[in-house]
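Please read the following points with the structure open before you. They take up one chain as a whole, and then the surroundings of a ligand.

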Amino acid sequence: MKGRLGRAIVLALPWSWMALFFVVPFLIVLTIAFAEPSEGLPPYTPLLRWSEEGGPVIQLNLANFRLFLEDPFYLEAGLRSLRVAAISATLCLLIGYPMALAIARAPERWRATLLMLVILPFWTSFLLRITAWIGILQDQGWLNSALMALGVIREPLRLLYTDFALYIGITYCYLPFMVLPLYATLSKLDPALLEAAEDLGARPWRAFLQVTLPLSMPGVVAGFLLVFIPVVGEFVIPELLGGPGAQLIGRVLWTEFFQNRDWPLASALAVVLLMILVAPIALFQARAAREGR
Amino acid sequence: MSSAVAARPGTAEPWRDPAADPFLRIEGVTKRFDGFVALDAVTLPIYRGELFALLGASGSGKSTLLRCLAGFIEPDAGRIVLDGQDLAGVPPYERPINMMFQSYALFPHMTVAQNIGFGLRQEGAPKALIADRVAEMLALVQMEGFGNRKPAALSGGQKARVALARALAKRPKLLLLDEPLSALDKNLREATQFELVNIQERTGTTFVIVTHDQEEAMTMATRLAVMDRGTLAQVGTPGEVYEFPNSRFTAEFLGTANILEGVIEAADDQVTRIGSSELDFDILAEAGALKPIGSRAYVAIRPERMRIERTDPATPLADNRLVGRVRDIAYFGDFFMYYVVLDSGKEIRVSQPNLRRMTARPVDWDDRVAVTWDAEASMVLPE
Ligand SMILES: Nc1ncnc2c1ncn2[C@@H]1O[C@H](COP(=O)(O)OP(=O)(O)O)[C@@H](O)[C@H]1O
Ligand SMILES: [Mg+2]
């Protein structure tokens, strides 16, 4: 009796969390997405209206979704976001894998410290860190000054407000999301497996390719998705570091919402964004569930 | 010495032949970890076709020695020569040696067949040869039909077989086994021990097996080494080490031994006589204990070599005869172990086979008993 009640409470907690902070907001956004913009507060028409005859009428406005398919501006922003997210996740993987492997193979007493260093940037404000990159990358910034002082270049390079700066910012911010799941899988790997591979004649590099890498795939997929999913909707980094041409879906959404006050269109974009991400999120969940078993 | 000890039938005993060339020579191998000496100048010749067991308590350096052979650890001093090849600086992936790991270390993402074929694939062996060898190995360990399973779908005993098959697939010159059966339960372990010996004899591969299970070492090995804190306390056939321990340490480590202390008082060509302050009477041992008169010695006597009987206070005192009181009797099923407290307070263990079903024990708790043994059962050891 007591046990079942306890279990119900334990199960109710995450579900009510989901309902409160995901399902309810999503339903609100969804209703706004089917409304029409209007002057006033809130700046959209209600879905449910009373007709002249007195009965309730639901009016669904599909124009916002149609716009996404018809106006190439929005479609391109969506595709560009996916590409930026994929490239960023790949960059994080290429940098994060050796880091995670090095930490997992470091002597036991060093590991906690090394992991700490990976997480340390989270202890300072996100905006502060991005602003620091502006200081480094701008025309008179540290990087250009250093390169010029060394005589490598004469004129400052245009770094800030380019894709280069965008990828630096994203990779830098999201690297921990790649390193941590990779470390989790790599540190669980039985070192005897690698010894067995070497014992059976595999040189270190081949042992890595045949044993370490395939067995760390759950961490690779988890890390990739943990970077990919949020970067698709990333707004702040493209805004602060990226070029003016880099219209990513998150930035478009922000503009529609705050500048154009077109809440229904912004909501529709948010819904589309979520739909695009449902597939990778489902993949992530399925893998996580399979690992759990 | 050899006549006293049963050898495996048909087994040559090259270690008795001074002219025989060892197949594996471990010479003065030393290994330190941060100043802690894990291996202390270990020298050990091992001959072709042997099943050699390294036996020792946990932490005595067995795994370290095995890992030096495999190449995972480079010794600080000494050398290892296998079949004429000095292995110094040869990485594990180039040694003609394979290992069966304690945890089996089967690759979880590969099937049984892929696991067994892994070593040959590294050499770039042709596919047909790999398939043939995998089938041969599966048959050898009686696992036909399991080739497509993943390790996770195997029982402990099946995993052990696959690990053995994988280690043998490249036909190594030397097979190393680190506590290969410690994860199995007792019945399966005993069955697998025999099978392992069988496979070793059929393939003719030289095996070096690490174990802390003395029964396992005794039943399987052609010879064994008892390790103690990074050194070899004694090397010999299981029978030699059990019947002729060279120290109190091996006498007590391998099997059970009652240890009595004394001073060698006399020796002629019949008996060695040892006087003991612990006892009222002398201990007799066989002649040839070869210790100088007057030197201190231990005498070890195995519990199964002693007899126990209720005693009558009137019985005359005699040598090799202890008197005491039964403190406890442990029933093992196949034998009884009597714990006898002598008048001096020393405790002696005596075992008696359980020869007849449901008969009254001739000796019971708190009985006053005499414990006797023959001179040949007294093993005289240096102090
Ligand atoms: N990599 C290592 N670093 C430090 N000490 C070690 C290492 N490997 C083994 N030792 C120490 O060496 C001793 C022998 O270990 P080992 O060979 O594993 O013993 P066994 O296999 O007989 O139990 C132990 O005291 C152990 O703590
Ligand atoms: Mg060990």
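**Notes on the predicted model**

1. In this predicted model, chain A is made up of 13 helices and two strands. Its radius of gyration is 24 Å, well over the 19 Å that the globule rule gives for 293 residues, so chain A is more spread out than a compact globule. The C-alpha trace of chain A spans about 85 × 75 × 35 Å along its principal axes.

2. How much of chain A is buried? Of its 293 residues, 39% count as buried, a term that here means under 20% relative accessible area. The area that chain A exposes is about 17100 Å², and 70% of it is supplied by carbon and sulfur atoms.

3. The contacts within chain A also deserve attention. Among those between residues at least 6 apart in sequence, 69% join residues at least 24 apart.

4. Ligand 1 is surrounded by residues of chain B, including B:F33, B:A57 and B:G59. By class, four residues of this shell are nonpolar, six are polar and one is charged. Both β2 (36-46) and α1 (62-70) of chain B supply at least two residues each; α1(B) gives the most, with three.

5. Which side chains of chain B have an N or O atom beside an oxygen atom of ligand 1? In B:K62 such an atom is 2.9 Å from a ligand oxygen, and in B:S63 the distance is 2.8 Å. A polar backbone atom of B:S60 is 3.2 Å from an oxygen atom of ligand 1. On its own, ligand 1 has 560 Å² of accessible area, of which the protein covers 58%.

Technical notes
Residues numbered from 1 in each chain as written. Chains lettered and ligands numbered in written order. Predicted model: local features only at pLDDT ≥ 70, side-chain atom pairs only at ≥ 80, totals over all residues. Heavy atoms only, no water. Near = heavy atom within 4 Å. Polar contact = N/O pair within 3.5 Å; in protein donor to acceptor, adjacent residues only side chain to side chain. Areas by Shrake-Rupley, 256 points an atom, 1.4 Å probe, with all protein chains shown as cover. Helix = DSSP H or I, 4+ residues; strand = E, 2+ residues; numbered from the N terminus. Nonpolar A, V, L, I, M, F, W, Y, C, P; charged D, E, K, R; others polar. Rg over C-alpha atoms; globule rule 2.2 N^0.38 Å. Buried < 20%, exposed > 50% of the residue type's maximum accessible area, 1.4 Å probe, protein only. Contact = heavy atoms within 4.5 Å.
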